[in-house]
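The following paragraphs lead the reader through a protein model, beginning with confidence and proceeding to strand pairing and to a single helical residue.

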Amino acid sequence: MDIKLLITFLIGFLIVAIAANEIAKVFQKIKFPLITGLIITGIIAGSSVLNFINPKALKELYFLNEIALAIIAFSAGSELYLNELRSRIHSIKWMTIGQLMITFVMSSIVIYFMANQIPFMANMPSTHQIAVSVLFATIFVARSPSSAIAVINEMRANGPFTKTVMGVTVVKDVLVIILFAISLAVAKALINDEPTDFFFFIVLSFELLASFGLGYLLGKILQVPFLSKADTKIKGFAVLLIGYSVYLFSHFVRVKSLEMYHHEFVLEPLLICIIGSFYLTNYSKHRIEFSKTLKEISPVIYIVFFTLTGASLSLQTLMSVFGIAVALFFLRLVTMFFGGIFGVYAANDFKKYALIAWMPYLTQAGVALGLATIISQEFPIWGHQFEAIIIAIIVLNQLVGPPLFKWALNYVKESHLRAKVKKFEGTQDAVIFGLENQSIALAKQLQRNKWEVRIVNTEEKNRNNVDNIQIIDALKIISLTALKKLKLEKTEAIVLMLSDEDNYKIAELIYENIGTKDVIVRLNERANFEKFHKLGALIIEPSTAIVSLLDHFVRSPGATSLLLGMDDGQDTIDIEVRNQDIHGIRLRELRLPSDVLVLSVKRKGQLIVSHGYTRLRLGDIITMVGSEISLDEIKFKFDT
């Protein structure tokens, strides 16, 4: 190997990978999956278009694919945590059997009989067609745990259906690698016209047992980096080296066994890596740290892997097989539909799951693409066409799979998304939960700023000394029914000043069912900050708020006094753009009083860098500071 040439290829590929990452973000903005952007960028940079990455470079850089495949296997194994599967193990078992066996068997049979319609299979002997059909069917079984987790987190999904989906997804990815090891060995024997007799299966059994044994040993070795207090990046680099060493060892055994015994003894690196990761995850104390390390290094690995895979593709080949890919996409969908029905009835799950049980398993990503890459490398004559078809199917699955999964979660009512915020109707209302001195003082302050305020009393307290504030009778039970009686749908802000436990119950009910724009929480315990933050609440922590306030007074006394309303005649205000006439005009074109200043513009929950040429949009929240008289005057300018 020419080291200088390798370094040149690495630097060139690094530049392409960085560009691919940026281009992929553009694809995300137009609702395309990230991996689609990476693959397309790789295709453009490859030999079929710009030729930045030529076949010789691909050959020299193949070791990057092997590193990536090891990390993909580690990630799949780390998701299979047995303690989280036990509650739904019966449903997971039958759904896995349905999705695995029915998809595999039906796909193999149908592809074999339609082989004459697939260009590279048409002239093959029947034994070769059987081999390729089995390889297609094996990859059809693969799923993407990372895609499933992303959808579940986005939908805040939880329930029996969600737990079954997550369990089946991670179990299938482990089983598909075992199935792939067997299928690949059988396929190689059939295509190379080698005998598949009793001796063949004895050797295959020994190869699998050796891979399992080495996987157990790898699980021990993987723990070594996590015994030290080294930086996470160093541990991540150690994991990369260990993963790549599995491939180097596998290549060494294949070469030496062929030299000594005239027969390749094949160790399956993906299987070894997934077993090692599974062992560390379930039988060591380093599970969380290992998972965290994988999450840190995976994004870079995926950029490299998907870009390199795209570069190895021929655009002409991809276009020529796209029609076949669409047909196979629908074949996979149909087989998964029947697998889902079988799984639901065999596990005696809710029958309403039967027709939608296949939807969560459609999306594919790293594992499926990794297996296709291996086949492309093992069978160079037709492997690239095989890989092109699989990549086209994966892209279709990435586009169709997540929306179907989201629809299924909504259908079974296990999603917990934020309710739609009701349209503002001209009166600023606030509801405060908790009757105490601070809530009364807050209510009076809001009233002085022309807000309508109600206080919800959760306990029986003396209210004789509360003047001009509406007090709602005790809220004995925190429930959706009780909250609906308060008519919170069009309330601008809700302030929670109860215990953290009660605050969270109310905040979650509001988030999922009512959708009030601003929920402000007075936090009691710092440990509960994250769960309120996930609900989009504005959090005030009394223990640190006073320190932060004093810090701002020291560094910016004028600005702090102004923002707190301590300067006579001065105030700040948030105004939502509702006037159609203002939509699209620039900030500099607003005719504002000379004593009013725009501090910020927030759009869809994100602060944007604003300047004179920033165009306003309906729904933008503009923060302004100025005299109270001027602020009152301009409120009407932004109303409908």
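**Confidence, strands and one helical residue**

In this predicted model, confidence is highest in helix H6 (residues 126-141), with a mean pLDDT of 92, and lowest in helix H21 (residues 557-563), where the mean is 64. For the protein as a whole, the mean pLDDT is 83, and 92% of the residues reach 70 or more.

Strand S2 (residues 452-456) offers a useful point of entry to the strands. Of its 5 residues, 4 are buried, and the strand is thus described as mostly covered. Strand S2 pairs with strand S1 (residues 429-433) in the parallel sense, over 5 bridges. Within this pairing, Phe433 stands opposite Val456 of S2. The connection can also be followed along the chain: S1, helix H16 (residues 437-448) and S2 make a β-α-β unit, and this unit is right-handed.

Strand S2 has a further partner in strand S3 (residues 470-472); these two also pair in the parallel sense, here over 3 bridges. Arg454 stands opposite Gln470 in S3.

Attention now turns to Ile40, which lies in helix H2 (residues 34-45). The relative accessible area of Ile40 is 32%, and because buried means under 20% and exposed over 50%, this residue is classed as partly exposed. Along the chain, Ile40 and Lys490 are 450 residues apart, and their C-alpha atoms are separated by 46 Å.

Definitions and conventions: Residues are numbered from 1 along each chain as its sequence is written. This is a predicted model: local features need pLDDT of at least 70, side-chain atom pairs count only at pLDDT 80 or more; totals for chains, interfaces and linings use all residues. Side-chain values use heavy atoms; hydrogens and water are left out. pLDDT is the predictor's confidence in each residue, from 0 to 100. Buried means under 20% relative accessible area, exposed over 50%, partly exposed in between (1.4 Å probe, protein chains only). Two strands pair if DSSP finds at least two bridges between them. A crossover is right-handed if, with the strands pointing away from the viewer, the path from the first strand over the helix to the second runs clockwise.
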